[in-house]
Amino acid sequence: MIIVMKQGAKKENIELVIDLVAKNKLKPVPLYGTERTVIAVIGDERILNKDTVEAMDDVDKVMEVLKPYKLAAREYHPENTIIIVGEDGNAADRVKIGGKEIVVMAGPCAVENKEQIISIAKEVKKAGAKILRGGAFKPRSAPYDFQGLGEQGLKYLAAAREETGLEIVTEVVDPRDVALVEKYADILQVGTRNMQNYSLLKELGKAKKPVLLKRGMWATYKEWLLAAEYIISSGNPNVILCERGIRTFETHTRNTLDLAAVPALKELTHLPIVVDPSHGTGRRSLVSAMCKAAIAAGCDGLIIESHTHPEKSVSDAEQTVSTEVLKQMMKEFKKVAEAVGRKI
Ligand code: PEP
Ligand code: MN
């Protein structure tokens, strides 16, 4: 059950609702939004009488959401959620994910050194990207592979933001590092291997910055949306979903990019959805076509591995496109976006 309070509801009336829920041995999860407060009720909600709650002061409505994920469900929030990125400037000038504009995030798989990230940032900005990607904490399949530069990498990303004005998206792997990564990043990325790391998800619920939640390589839509629900119900409503391919029997591509996820999730949830064709295919020759298909399918953003010298990338070189190719690709993306009533 979700209790939606009226706009401008008095604090004491919100408290009375929370007390009533708690007295019934249910767990109230208040989410204090910019416009209104909602209280999610966790537990066997049949105990609570809907009409009694609805009659309370400042309660707007009580919704019984049937889906197991509630706050992430479109049923509960029919309009698309638009996530505003970054801290500086007017809301009007800031990057928004989930609106008419399709936001391109581009950059290397990993931050390698200061010169590398700054030179790539400048080029992806010229191509039209709004957000710079780059991992400082790398969850590598082999323990002997490059694990990332850690905090030093985050500092280089911040320097690249300073230089170019691009916002930063970077991965956080360990719940103990959430506060550290939040200090430098504008969007916190959860990698495919961590989609069901519930202690990480709960910690991200305490963060103030948006979270880019990648789909687990084995996850169903329901499991993915339940992972988003962990973050939202822990206090952070700003979740962006990212389809990055799943494991199937096909071995030609690194993963199978599930583009049906885009329109399917648009039906199930109000959260924005971004597509990562780099990890989705593992092959740079396929990235452009999959980006165009993702735009046509209705995605809200793309995350593309791009490097000034892709062959020299310390990780994921085979799927990384050059920044020059990115510039060419972006021209075609604009045409597809226009054809489906969006812009880049
Ligand atoms: C990445 O974005 O570099 C990454 C490691 O992605 P994924 O978690 O999707 O494999
Ligand atoms: Mn990568």
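In this predicted model, strands β2 and β3 form a hairpin, with four residues between the two strands. Their pairing is antiparallel and extends over six bridges. Within this pair, Y32 stands opposite T37 in β3.

The hairpin belongs to an open sheet of four strands, arranged in the order β2-β3-β1-β4 with antiparallel pairing. Strands β2 (27-32) and β4 (59-63) stand at the edges and have a single partner strand each, so one side of each is left without a neighbour in the sheet. From one strand to the next, the twist averages 20 degrees. Further into the sheet order, strand β1 (residues 2-5) runs antiparallel to strand β3 (residues 37-42), and three bridges join the two. Here I2 stands opposite A40 in β3. Helix α1 (residues 11-23) lies across β1, β2, β3 and β4, and runs at about 155 degrees to β2.

Attention can now turn to enclosed space. Rolling a probe the size of a water molecule over the atoms shows where empty space is left. The search gives one cavity of 30 Å³ or more, and the largest cavity holds about 40 Å³ of space. Its lining consists of R133, G134, G135, F137, K138, V169, T170, E171 and Q189. Strand β9 (residues 167-171) gives the most to this lining, with three residues. Sorted by class, the residues lining the largest cavity are two nonpolar, four polar and three charged.

How values were computed: Residues are numbered from 1 along each chain as its sequence is written. Chains are lettered from A and ligands numbered from 1 in the order in which they are written. This is a predicted model: local features need pLDDT of at least 70, side-chain atom pairs count only at pLDDT 80 or more; totals for chains, interfaces and linings use all residues. Side-chain values use heavy atoms; hydrogens and water are left out. Two strands pair if DSSP finds at least two bridges between them. Axes are lines fitted to C-alpha atoms, for helices over the stretch in contact, and angles run from 0 to 180 degrees between N-to-C directions. Contact means heavy atoms within 4.5 Å. On a 1 Å grid over the protein atoms alone, a cavity is a set of points where a 1.4 Å probe fits but cannot get out, and a pocket is an open set with protein on both sides within 12 Å along at least five of seven lines; lining residues have an atom within 4 Å of a point. Grid points are joined across faces, edges and corners, and a volume is the space filled by probe spheres set on the points. Ala, Val, Leu, Ile, Met, Phe, Trp, Tyr, Cys and Pro count as nonpolar, Asp, Glu, Lys and Arg as charged, and the others, Gly among them, as polar.
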